[in-house]
Amino acid sequence: MTDQAVLASKLETGVSQLRCIACGAVGEEGAKSVRCAQCGDLLEVLYPGWKTSAGARAAGLDAAGLKKLWLQRRTSWNALDESGVWRFREILPALHDWNHVITLREGNTPVYQLPSCGRAAGIEQLFAKHQGMNPTGSFKDTGMTAAASFARQGGFRWVACASTGNTSASMAAYAARAGMRSLVLIPQGQITWGKLSQALDYGAVTCQLKTDFDGCMRVLDEVGQRMPVYLLNSVNPYRLEGQKTAAIELLERFDWQPPDHIIVPGGNLGNSSAIGKALLEMKELGLITRLPKLSVIQAEGANALVRTMRETGGKELISVHAETMATAIKIGSPASWKKAVRVIETTGGVVEQVSEVEMALAKAEIGADGIGCEPASAVTLAGLKKLVKQGFVRKNETVVLILTGNLLKDPDFTLKFHRGDLFAGTEHEEEAAEVLAPRQRAPMVLDASANAVVKVLEYAEQTDPRK
Ligand code: F0G
């Protein structure tokens with residue numbers, strides 16, 4: 001990728017710094033550990049080099065110039081420019097050698113209007129930024145290109161993660177592209193086949209541990225201390241830098257006029273932290289003049305952040321034993337909770353939780369707009385409906401949902417939904433039968449005759465809910 005090297009060598013390196021979010025100690029760049037060596041808390045990337053010693057904005061960071069440059073890059077065939085992450089490289093940590101970048105041309109994901117979901121929620125201007133349209137089908141790719149590139153630059157042979165499925169799929173792909181080995185720790189029986197098969201296809205060493213996601217994280221931390229593996233979970237600060245670009249792209253798509261609300265699903269809370277960080281940095285750089293409110297929605301059965309905010313005002317983490325069919329966010333002890341609390345508070349957002357039935361209905365509603373997503377992503381629409389009822393989101397405000405994963409990641413959920421057995425034998429069975437039935441479209445088994453098919457068509461036309 002020599003063309004990349006030429007182009008990117010014009011950029012300054014050494015502008016950014018790793019700093020502990022708790023004690024402020026400056027971390028060593030390229031270190032094996034992704035945690036603070038002094039206190040063990042999380043690190044974040046800060047950019048002291050954005051300001052000159054006189055406090056002015058550093059050269060090359062003029063807002064109008066950056067906006068023009070980033071847009072121009074969409075017409076370039078240079079690998080760094082084709083990536084919806086690296087085309088924003090002026091405000092990302094710089095690699096010493098840009099040849100280390102591993103890209104699958106992630107990012108540049110679409111923003112769709114959701115008219116019927118908007119009607120269901122009572123919102124006139126509702127949009128979705130679909131991060132499930134990334135190369136491995138989830139938002140993780142935007143973070144993984146950054147963190148995996150730093151892993152390669154650091155000379156690591158092994159990268160590792162604990163995962164509810166999407167991180168492992170993404171990590172395995174980027175590691176394979178970089179010629180690195182990857183180790184995946186997943187909770188046995190709790191991730192979807194779609195995600196598991198991706199990790200296998202990309203050659204990861206895959207261990208299904210007899211525990212939940214939080215247990216996998218604990219084991220991973222210990223493995224990380226004993227073996228020379230580099231962690232690519234969202235505790236890795238470079239992951240969050242890459243994930244910032246979803247928000248930058250979104251604002252670019254809105255011609256830098258911020259929507260009123262951005263709504264994100266919350267699991268380990270890396271993504272909400274990253275999107276919030278991007279909003280604050282864009283404001284600092286004068287790319288936007290107003291902050292959208294960033295709100296985070298969790299599943300009721302995996303609501304550690306909701307409880308943390310409500311019961312301790314965001315001061316102490318309340319861990320929970322996680323239970324939800326949205327396996328992607330089945331997390332009881334979110335690692336990035338402090339970072340998430342900070343950005344929710346700074347942007348004026350809120351946290352909310354939704355039930356399993358509310359989530360399933362919202363997923364079908366998104367599907368009916370011709371988009372589709374995985375269950376964890378659908379908590380955003382279910383949460384929005386609640387926020388509208390509470391008056392926090394107003395009818396005439398512009399709202400963007402961040403859809404985090406592709407529909408095809410979890411086809412089992414969708415099939416069970418339409419066959420009507422998603423909630424069979426659970427405490428929600430009765431409620432589900434009533435609320436979800438109008439949305440269910442079970443596949444039909446028929447004789448191989450045109451007559452049979454025509455009858456079905458006629459019936460569907462007579463009972464069309466859109467009439
Ligand atoms: N949506 C999807 C589809 C996810 O896969 C995840 C997290 C989230 C939302 C929550 O994002 O953790 O940044 O708050 N999946 C992780 C994984 C944990 O291992 O794939 P978060």
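Okay, let's start right at the ligand: one of its oxygen atoms has a backbone N or O atom of L269 sitting 2.7 Å away. Keep in mind that this is a predicted model.

So how much of the ligand does the protein bury? On its own, the ligand would expose 470 Å², and the protein buries 99% of that. And where does the ligand sit? In the largest cavity.

Back to the contacts. There's an oxygen atom of the ligand 2.8 Å from a polar backbone atom of T164. Then K140 comes in with its side chain: an N or O atom there is 2.9 Å from a nitrogen atom of the ligand.

Stepping back, the ligand has 20 residues around it, and the ones that come nearest are K140, S163, N268, L269 and T404. What kinds of residues make up that shell? We've got 11 polar, 7 nonpolar and 2 charged. If you want to find the shell on the fold, look at two helices, α6 (166-178) and α11 (270-284), since each of them supplies at least two of its residues.

Now, away from the ligand for a minute: salt bridges. As you'll know, side chains of opposite charge can pair when their charged atoms come close. How many salt bridges does this structure hold? The count is 22. One pairing to look at is R226 with E222, whose side chains meet in a salt bridge at 3.4 Å, N to O. Both residues belong to helix α8 (residues 213-226), and they're 4 residues apart, about one turn of the helix.

Notes:
Residues numbered from 1 in each chain as written. Predicted model: local features only at pLDDT ≥ 70, side-chain atom pairs only at ≥ 80, totals over all residues. Heavy atoms only, no water. Near = heavy atom within 4 Å. Polar contact = N/O pair within 3.5 Å; in protein donor to acceptor, adjacent residues only side chain to side chain. Areas by Shrake-Rupley, 256 points an atom, 1.4 Å probe, with all protein chains shown as cover. 1 Å grid on protein atoms, 1.4 Å probe; cavity = no way out; pocket = protein on both sides within 12 Å on 5 of 7 lines; lining within 4 Å. Sits in = over half its atoms within 2 Å of the grid points. Nonpolar A, V, L, I, M, F, W, Y, C, P; charged D, E, K, R; others polar. Salt bridge = Lys/Arg side-chain N within 4 Å of Asp/Glu carboxyl O.
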